Number of protein chains: 2
Amino acid sequence: MTISMYQASAPRFANMLKNLSTLLDKGQAYAEARKVDPQVLISARLYPDMFPLSRQVQIACDNAKGAVARLAGVEMPKHEDGEQSFAELKARIAKTIDFLASFRPEQIDGSEEKDIVLKLGGREVKFKGMQYLLGYAQPNFYFHVTTAYDILRHNGVELAKRDYIGNP
Amino acid sequence: MTISMYQASAPRFANMLKNLSTLLDKGQAYAEARKVDPQVLISARLYPDMFPLSRQVQIACDNAKGAVARLAGVEMPKHEDGEQSFAELKARIAKTIDFLASFRPEQIDGSEEKDIVLKLGGREVKFKGMQYLLGYAQPNFYFHVTTAYDILRHNGVELAKRDYIGNP
């Protein structure tokens, strides 16, 4: 046996997005307990030209959505980036998880050699399916989930690594 | 075709560690250009009880080393955590990449169902090989590489996402 493209994508992204939702719960609870405006956390950044927490969550969702849609060759739903509260960010995650759950393994399996073309910084970058998933989509996805964690931790929210890992 | 356990581990970890080494180069260059003591960056943290840059690099290396060693069922080399400079951290990465490169695919392939037992927080946690790689080793590895990136960015080092992604 080996790892299928489905096994390495949809359920893994969904699992981490569930964990990301838990991280947001803890951020929200922290804001409530300290009587901090939730916007302070939602708009927090690690550096002025880095994205804020809200955008990290949106991009993590889009990385997951885009990866499975591209591998399966289906249209990806458009999710507007208007989220302004923890509840809205959690709803964004929930609809992304629903989208991931709508895929059957056979829609994604066999896409290892599929041509994937991305527009990055105005130019076209070509990948093969497995290279795209393992070398681009996964590292990007984990980058944004981790940076969301780091932003919350940096602001004092008590998170532990097990919140990020969840139930593997 | 499908993804082999080897394809999803050793070469992917090695590729990202090479990128991590480039991030450290940029950190070192920044310290030199600004006449900042490199220790300021090496000991920088995003929060008092988070690990500093040096430890993020060490753990990323150990995540990669431990994953391939456990999946292959070989003894993992002991790497002491004494690094105190960018050069030493880069050497730690280089010897980890050498260890990863020492594996032949057939040593790791077929480990999808292999029992992997970790001691986490004093208790034994049991995984199957694929679950361990996709649900634990990979997310942890990317967590520490990303947090190293975030620490450097938070301190003003000019990094771009393409430095983190490298050549997928």
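This passage describes how the two chains of a predicted model are built and how they meet.

It helps to start with a single chain. The secondary structure of chain A consists of seven helices and two strands. Following the sequence from its start, the elements of chain A come in the order α-α-α-α-α-β-β-α-α, with the two strands placed after five helices and before the last two. The C-alpha trace of chain A extends over about 50 × 35 × 25 Å along its principal axes. A compact globule of 168 residues would be expected to have a radius of gyration near 15 Å, and the 16 Å found for chain A therefore agrees with that expectation.

The arrangement of the two chains comes next. In general, two copies of a chain are related by a rotation about an axis and a shift along it. Here, chain A is superposed on chain B by a rotation of 180° with 0.0 Å of shift along the axis, and the RMSD is 0.0 Å. The two copies are thus related as by a two-fold rotation axis. Within chain A, the residue that comes closest to this axis is A:Ile3, with its C-alpha at 2.5 Å.

Turning to the interface itself, chain A contributes 39 residues to the contact and chain B contributes 39 residues. Of the interface residues of chain A, 100% are interface residues in chain B as well, so the copies meet through the same surface. About 3800 Å² is buried between chain A and chain B, and carbon and sulfur atoms account for 65% of this area. Three residues stand out here: A:Ile3, A:Phe143 and A:Arg153 supply 17% of the area that chain A buries against chain B, more than any other three residues. A:Ile3 thus appears both in this trio and as the residue of chain A closest to the rotation axis.

Polar and charged groups also take part. There are 14 residue pairs in polar contact across the interface of chain A and chain B, and two salt bridges are found there. In one salt bridge, the side chain of B:Arg153 meets that of A:Asp49, with 2.8 Å from N to O. On the side of chain A that touches chain B, at least two residues each come from α1 (10–34), α6 (129–154) and α7 (161–165). The largest share belongs to α6(A), which provides 18 residues. By residue type, this side of chain A comprises 20 nonpolar, 12 polar and seven charged residues.

Methods. Residues are numbered from 1 along each chain as its sequence is written. Chains are lettered from A and ligands numbered from 1 in the order in which they are written. This is a predicted model: local features need pLDDT of at least 70, side-chain atom pairs count only at pLDDT 80 or more; totals for chains, interfaces and linings use all residues. Side-chain values use heavy atoms; hydrogens and water are left out. Copies are superposed by least squares on the C-alpha atoms of residues with pLDDT of at least 70 in both. Contact means heavy atoms within 4.5 Å. Buried area is the accessible area (1.4 Å probe) that two parts lose on being put together, summed over both. A salt bridge is a side-chain nitrogen of Lys or Arg within 4 Å of a carboxyl oxygen of Asp or Glu. A polar contact is a pair of N or O atoms within 3.5 Å; within protein, one must be able to donate a hydrogen and the other to accept it, and residues adjacent in sequence count only if both atoms are side-chain atoms. Helices (H or I, at least four residues) and strands (E, at least two) are DSSP runs, numbered from the N terminus. Ala, Val, Leu, Ile, Met, Phe, Trp, Tyr, Cys and Pro count as nonpolar, Asp, Glu, Lys and Arg as charged, and the others, Gly among them, as polar. The radius of gyration is taken over C-alpha atoms; the globule rule is 2.2 Å times the number of residues to the power 0.38.
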